Structure formats: structure tokens, C-alpha cells
Amino acid sequence: MPFGSGDRAQLQQIIEQLGKLATDLAAVKQQVNDQQNTINQIRQDATAAITTGLAEIRAVARDAMSRTNDIVTGPVASIGGELVTIRSAIGQLDSRLQEQAASPPAPAAEPASPPAPEPEPTPVPEAVPEPDPEPEPERPDPLDEPDVDTLRAAAGISAATLHAHRDTWEFLVKHVGADQHFHLPAEVRGAEGVVLAKVSGPSLVAALTSLHRVSRTAPEAGTRAIAAHLHERLTETVQEIVTRPHRGDGADAVRIVIDDRAAPDDTSS
């Protein structure tokens with residue numbers, strides 16, 4: 001049945017409403033897209049702000065830790081150096097006192113004979129001569145120094161890790177700490193009585209010269225033996241570098257291990 005004029009008008013009205021709905025829907029869709037873009041931008045800004053804030057916090061924390069380390073490490077190193085100097089002075093004073101105690105006292109002068117009260121002189125008995133003091137044992141010349149080539153090789157070492165017992169490290173610091181070229185390491189790690197200390201080339205030179213002198217001039221046999229053993233071990237390590245020199249990257253780090261042990265029993269048979 002053909003549409004009448006009324007039906008066409010109603011149909012036209014429906015089409016116009018549908019067009020309006022489509023326009024409104026497009027506007028709503030655009031608003032949704034705009035809001036989504038705004039949310040994404042807010043999220044990016046928040047992420048950037050959080051990242052920047054975390055970076056600033058980390059920078060501040062690193063700076064604070066660095067300042068704290070500088071504040072603590074400086075006084076600790078200074079106190080350690082003063083302790084080394086005090087121990088060295090005490091050791092030198094003790095050595096001097098022992099040397100003075102070991103040297104024999106000077107013989108006292110004989111008193112003059114009193115004048116005889118009688119005109120005739122009284123016979124004076126012959127004085128018994130005192131025995132001569134026993135001569136002190138000859139000691140090597142303290143001015144003798146270790147091999148110059150070894151000292152030069154030690155001076156060329158950038159850093160060496162010393163692996164030894166804590167008592168051995170204290171002996172080394174006590175007898176070498178007064179040398180002008182010895183520097184107390186800023187980092188000394190220890191565990192179960194073992195010390196790992198990173199020492200420089202000048203400190204190795206100071207250790208070689210001081211231990212060589214102590215091994216030849218110390219009044220106690222034990223002190224001379226310990227100093228001689230440490231000097232020998234340091235010299236062996238430096239001689240290895242002299243025979244197989246290497247400079248730059250790729251070289252093995254210098255390691256001085258003072259840990260002599262007995263060979264294991266052969267149980268294979």
C-alpha cells in the first residue's frame with residue numbers, strides 16, 4: 001500500500017532523529033577519545049614525575065652516603081695512622097731500653113789511696129785487675145739495604161693484596177708504620193683472623209727496607225726471624241714480577257699470601 005503524505009512526513013521525522021542521534025553519538029565518541037587522551041597524558045606526566053623524583057632521591061642518597069663515608073673514613077684513617085706512629089715509637093723506645101740493659105756498665109774508677117798516717121808508708125796490696133767485659137756479638141751493618149732492583153720493581157706495583165693472619169699484619173704495621181713511604185690502607189677486610197689488605201707500591205718499598213733492617217738489628221731472635229721471613233716472602237713476589245713483567249690491562253693482580261702449610265699426606269698408594 002503506497003505511503004501517504006502523513007507517513008512520509010513521519011518517516012522523514014524518524015530519519016532526522018536518527019541523523020541527530022548519529023551526530024550526538026559522534027560527539028560522545030569524540031569526548032570519550034579526548035578524555036582517554038587526557039588520562040594517557042596524565043599517566044605519562046605522573047610516570048615522568050615519579051621517575052624524576054626517584055632519580056633525585058637516589059642522587060641525594062648517594063651524595064649523603066658519599067659525604068658520610070668521607071666524614072667517617074678520614075678520621076678513622078687518621079686515627080689508624082696515629083696509632084701506627086704511637087706503636088712504632090713504643091717499639092723503638094722498648095728496643096733502646098733493651099739495648100741499654102744489655103750493654104755492660106762502665107767500670108767504676110778506683111778510689112785514691114789515703115795518705116799514710118805514719119811517716120813510714122804502709123805497703124799497699126796489689127790490686128786485682130778486673131776482667132775485661134765480654135765483647136758484644138757483632139751485628140751486620142744496619143745501613144745495609146736490600147737490592148735496588150727489587151725496590152724499583154716494588155715501586156712499580158700499583159696495588160697488591162696482602163693475605164695474612166691478623167697478628168702478622170699487626171707485626172708489619174708496628175715495624176713498618178714509622179717509614180715515611182708507608183701508607184695505612186683505607187680498606188682492610190678481615191674474617192676469622194685473616195686479613196686482606198690492599199697496599200701500594202711505596203708501602204711495599206717501605207716494608208722491604210724496614211723488614212730488612214729489623215731482621216738484622218732487632219735484639220730479639222724471634223723478631224728478627226719474623227721480619228726475615230716476611231722480607232723473604234715479599235722479595236719472592238716482587239722477583240716474580242721482575243722475571244715476568246706485564247703492564248696495562250690483562251695482567252693478573254699481585255697477591256702476597258703469607259700462609260705456609262704442611263704438604264698433604266699421600267694416601268693414593
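This is a short chat about one helix pair and the cavities in a predicted model.

Student: What should I know before I start?

Tutor: The model is predicted, so local features need pLDDT of at least 70 and side-chain atom pairs count only at pLDDT 80 or more, while totals for chains, interfaces and linings use all residues. Residues are numbered from 1 along each chain as its sequence is written, and side-chain values use heavy atoms, with hydrogens and water left out.

Student: How do I read two packed helices, and at what angle do α4 and α5 cross?

Tutor: Two packed helices are described by the angle between their axes and the distance between the axes. Here, α4 (residues 201-217) and α5 (residues 221-243) cross at roughly 145 degrees, their axes coming within 8 Å. Axes are lines fitted to C-alpha atoms over the stretch in contact, with angles from 0 to 180 degrees between N-to-C directions; helices are DSSP runs (H or I, at least four residues) numbered from the N terminus.

Student: Which residues make the contact?

Tutor: Contact means heavy atoms within 4.5 Å. Among them are Leu 204, Ala 207 and Leu 208 of α4, and Ala 227, Leu 230 and Leu 234 of α5.

Student: How is empty space found, and how many cavities are there?

Tutor: Rolling a probe the size of a water molecule over the atoms shows where empty space is left. On a 1 Å grid over the protein atoms alone, a cavity is a set of points where a 1.4 Å probe fits but cannot get out, and lining residues have an atom within 4 Å of a point. The search finds 3 cavities of 30 Å³ or more. The largest has a volume of about 50 Å³, and its lining includes Leu 204, Ala 207 and Leu 234.

Methods:
On a 1 Å grid over the protein atoms alone, a cavity is a set of points where a 1.4 Å probe fits but cannot get out, and a pocket is an open set with protein on both sides within 12 Å along at least five of seven lines; lining residues have an atom within 4 Å of a point. Grid points are joined across faces, edges and corners, and a volume is the space filled by probe spheres set on the points.
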